[in-house]
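Got your viewer open? Let's take a short walk through this structure, one selection at a time.

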Amino acid sequence: MPRETLTSSRYNNDCIMKGVAKNFIKIRKDASVEKTLTTGNKMLDHIVQSKVSSKIPYLGHAIKAINIPPQVGAHIAHGINAYNESCSNR
């Protein structure tokens with residue numbers, strides 16, 4: 001008789017690269033991280049970033065330097081969670 005699990009997860013338990021990647025995409029959509037400096041509009045953010053970068057290069061680099069670390073940290077955390085959901089629930 002198969003053993004029933006008490007907890008069910010919406011993520012797959014496939015511990016191959018494809019399964020981990022699918023879990024990563026689901027987790028990234030569920031727990032997205034917003035940029036630190038933003039106007040709230042993607043198009044306007046792009047225009048402001050390109051104008052600031054061309055007119056005042058150091059300010060453009062500073063804005064990028066402030067916005068990138070939270071995104072990188074979130075991707076690392078999502079990768080760890082995707083691996084744990086895929087491989088440690090065997």
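## Stop one: the pocket

Start with the lining of the largest pocket: its residues divide into five nonpolar, eight polar and five charged. Keep in mind as you click around that this is a predicted model. The space in this largest pocket comes to about 480 Å³. To find its centre, select Lys-35, Leu-37, Thr-38, Lys-42 and Asp-45, the closest to it of the 18 lining residues. Now colour by helix: H2 (42-55) and H3 are the elements that give two or more residues to the lining. Which helix gives the most? That's H2, with six residues.

## Stop two: the nonpolar core

Next, select Val-20, Phe-24, Ile-27, Ala-82 and Cys-87, the five residues of the largest nonpolar core. Helix H1 (17-30) and helix H3 each supply at least two of them, and H1 has the largest share, with three. Zoom in on Cys-87: leaving aside neighbours within four places in sequence, Cys-87 is in contact with Cys-15 and Val-20.

## Stop three: His-78

Stay with helix H3, which spans residues 57-87, and pick out His-78. Is His-78 buried or exposed? Its relative accessible area is 7%, so it counts as buried, the cut-off being under 20%. To see what surrounds it, show Phe-24, Ile-27, Arg-28 and Ala-31: His-78 is in contact with these four, once its neighbours within four places in sequence are left aside. You've met two of those names before, since Phe-24 and Ile-27 belong to the largest nonpolar core.

Terms used. Residues are numbered from 1 along each chain as its sequence is written. This is a predicted model: local features need pLDDT of at least 70, side-chain atom pairs count only at pLDDT 80 or more; totals for chains, interfaces and linings use all residues. Side-chain values use heavy atoms; hydrogens and water are left out. Helices (H or I, at least four residues) and strands (E, at least two) are DSSP runs, numbered from the N terminus. Buried means under 20% relative accessible area, exposed over 50%, partly exposed in between (1.4 Å probe, protein chains only). Contact means heavy atoms within 4.5 Å. On a 1 Å grid over the protein atoms alone, a cavity is a set of points where a 1.4 Å probe fits but cannot get out, and a pocket is an open set with protein on both sides within 12 Å along at least five of seven lines; lining residues have an atom within 4 Å of a point. Grid points are joined across faces, edges and corners, and a volume is the space filled by probe spheres set on the points. Ala, Val, Leu, Ile, Met, Phe, Trp, Tyr, Cys and Pro count as nonpolar, Asp, Glu, Lys and Arg as charged, and the others, Gly among them, as polar. A nonpolar core is a set of buried Ala, Val, Leu, Ile, Met, Phe, Trp, Tyr and Cys residues joined through side-chain atoms within 4.5 Å.
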